Amino acid sequence: MAIRNIIETDYKSLASLMKSFFSVHNQFQKPDNLVIKYLKEQAKLNELIVYDYKGAINGALYLVTLHTTLDRTHTLWKFRHFAFDSEDIGKNLLDHAEKIVKKSSRTSKIELTIAETEPGMNFYKSNGYEVEGMLSNHYRWGENTYILSKSFLK
């Protein structure tokens, strides 16, 4: 088991993980070549952390910096496309990403959005994330999306 940054040979396995985890997500219903293209584009913009077990990608997330104050005392982060095969893998990735966030500034906050049809709500709540709001018809008509967050103080 290794948590590391993405390498070129990971993208096929990563696309498979994303497609199975986010079965209703528009980006991940496309053909593999388009999903891989999208994942690569996102990796150029944001840090992509993967969980590698014996050469297969069993978890991944994009770590996005949304805002940093001018004096660098506070940062706002977002997890994008956080997918995992088991809650143990998810917890390992979550702990790793939170360590990166905590080191970034004296105070920090992680926000994420999760649609009610996506897996993970209970996982986030059990790891200290709180529901801050709800958006109606955000990703898909008739579906609620929740804003979850967790704050850190060094």
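Which residue meets Lys 91 in a salt bridge through its side chain? In this predicted model, the partner is Asp 95, with a separation of 2.8 Å from N to O. Both residues belong to helix H3, where they stand 4 residues apart, about one turn of the helix. Lys 91 is partly exposed, its relative accessible area being 32%, and Asp 95 is likewise partly exposed, at 28%. The setting of this pair is described below, beginning with the sheet on which H3 packs.

The sheet is open and consists of 7 strands, arranged in the order E1-E2-E3-E4-E5-E7-E6 with mixed pairing. Its edges are formed by strand E1 (2-5) and strand E6 (130-136), each of which pairs on one side only. On average, and with direction ignored, neighbouring strands are turned by 25° against each other. Strands of a sheet pair through backbone hydrogen bonds, in either a parallel or an antiparallel sense.

Both senses occur in the succession from E2 to E5. Strands E2 and E3 run antiparallel and are joined by 7 bridges; within this pairing, Ile 49 has Leu 61 of E3 as its bridge partner. The hairpin of E2 and E3 has 2 residues between the strands, and Lys 54 in this hairpin adopts a positive phi near 55°. The next pair, E3 and E4, is also antiparallel and is held over 8 bridges, with Ala 60 facing its bridge partner Ala 83 in E4. Strand E4 (residues 74-84) then pairs with strand E5 (residues 107-115) in the parallel sense, over 5 bridges. In that pairing, the bridge partner of Trp 77 is Ile 110 of E5.

Two helices are described in relation to these strands. Helix H1 (residues 11-21) lies across strand E2 (47-53), strand E3 (56-68) and E4, and runs at about 80° to E3. Helix H3 (residues 87-104) packs on the sheet and touches E1, E2, E3, E4, E5 and strand E7 (144-153), its direction making about 165° with that of E4. The length of H3 agrees with expectation: at 1.5 Å a residue, its 18 residues should span 26 Å, and its end C-alpha atoms are 26 Å apart.

The residues of H3 are divided between a buried and an exposed side. Ile 89, Gly 90, Leu 93, Leu 94, Ala 97, Glu 98 and Val 101 are the buried residues of this helix. Seen down the axis of H3, these residues fall within an arc of 160°, so they line one face of the helix. The face turned away from this buried side bears the exposed residues Asp 88, Lys 99 and Lys 103.

The salt bridge between Lys 91 and Asp 95 is accompanied by others, a search of the whole structure having found 10 salt bridges. Glu 111 forms one with Lys 109, in which the closest N and O atoms lie 3.5 Å apart. The partners fall into separate accessibility classes: Glu 111 counts as partly exposed at 23% relative accessibility, whereas Lys 109 counts as buried at 17%, the limit for burial being under 20%. A further salt bridge joins Arg 140 to Glu 118, with the closest N and O atoms 3.9 Å apart. This pair links distant parts of the chain, 22 residues apart: Arg 140 is in the loop between E6 and E7, and Glu 118 is in the loop between E5 and helix H4 (121-126). Glu 118 is buried, with a relative accessible area of 12%. In addition, Arg 4, Asp 10 and Asp 52 are linked in a network of salt bridges.

Backbone conformation was also examined. Most residues other than glycine have a negative phi. Arg 72, by contrast, has a positive phi near 60°. This residue is in the turn of the hairpin formed by E3 and E4, which has 5 residues between the strands. Arg 72 is exposed, with a relative accessible area of 54%. Asn 137 likewise takes a positive phi, near 55°, and is placed in the loop between E6 and E7. At 34% relative accessibility, Asn 137 counts as partly exposed.

Definitions and conventions:
Residues numbered from 1 in each chain as written. Predicted model: local features only at pLDDT ≥ 70, side-chain atom pairs only at ≥ 80, totals over all residues. Heavy atoms only, no water. Pairing = 2+ DSSP bridges. Axes fitted to C-alpha atoms, helices over the stretch in contact; angles between N-to-C directions. Contact = heavy atoms within 4.5 Å. Expected span 1.5 Å × (residues − 1). Buried < 20%, exposed > 50% of the residue type's maximum accessible area, 1.4 Å probe, protein only. Arc of directions from axis to C-beta. Salt bridge = Lys/Arg side-chain N within 4 Å of Asp/Glu carboxyl O.
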